[in-house]
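Colleague: Could you walk me through this model? I would like to know what its middle is made of.

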Amino acid sequence: MANADNAYKTAGLSANEYMSTAMSFAASLNQSLVASEGNIARAADVTDQIIIDMADNANKMGTDMEMIQNAYQGFAKANYTMLDNLKLGYGGTKEEMQRLLDDAEKISGIEYDLSSFADITEAIHVMQTEMGITGTTAAEASETIGGSLASMKSAWGNLVTGLATDGADID
């Protein structure tokens, strides 16, 4: 919940939008991590990274967030046809996703498995970091008027939700 509560700063999303996005691929991510690590806290960290990466990609590359979400939901189902939606220089095929994983491995030294949704998302994070995409949404929220307004809109959504919640800490 802490990640959702801070999403207005890191991903430009309200807590509700964050949780809705997280739930859209949670089962695939949990299955991927349970098979490899069995760690729920790790799943929350990877989910946060995925959502921030999606927001950063939309921010930097100008792609509609829904198209990026659809791509990630496809990756969770071993469907790579929308990989090109991320505009990272890879086409929408299984072979191109494998090439992305191989390129990320060269940078990070970590071996990524095409059958693991968590590995795919971590490799995408490596490539976006290498391309200067990572962190752009948070930077924009703190450094530009437009970013500040988007952050404020998401924070306002959190406040409205909090006002309707019994026992919410409005401070």
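Modeller: Here are a few questions and answers on the fold, its core and one helix.
This is a predicted model, where local features need pLDDT of at least 70, side-chain atom pairs count only at pLDDT 80 or more, and totals for chains, interfaces and linings use all residues. Residues are numbered from 1 along each chain as its sequence is written, and side-chain values use heavy atoms, leaving out hydrogens and water.

Colleague: Happy with that. How many helices and strands does the protein have?

Modeller: Both are DSSP runs numbered from the N terminus: helices are H or I with at least four residues, strands E with at least two. The count is ten helices and zero strands.

Colleague: Which elements give two or more residues to the largest nonpolar core?

Modeller: Such a core is a set of buried Ala, Val, Leu, Ile, Met, Phe, Trp, Tyr and Cys residues joined through side-chain atoms within 4.5 Å, buried being under 20% relative accessible area (1.4 Å probe, protein chains only). This one has 34 residues, with Tyr72 and Phe75 among those with the most contacts inside it. The elements are H4, H5, H6, H7 and H8.

Colleague: Which residues does Ile124 contact, leaving aside its neighbours within four places in sequence?

Modeller: Contact means heavy atoms within 4.5 Å. The partners of Ile124 are Tyr72, Phe75, Leu86, Leu88 and Leu100.

Colleague: How far apart are the end C-alpha atoms of H6?

Modeller: The expected span is 1.5 Å times one less than the number of residues. For the twelve residues of H6 that gives 16 Å, which agrees with the model's value of 17 Å.

Colleague: And which residue just after H6 takes a positive phi?

Modeller: Within H6, Tyr72 and Phe75 are among the buried residues. Just after the helix, a phi of about 60° is taken by Ala78.

Conventions
Buried < 20%, exposed > 50% of the residue type's maximum accessible area, 1.4 Å probe, protein only.
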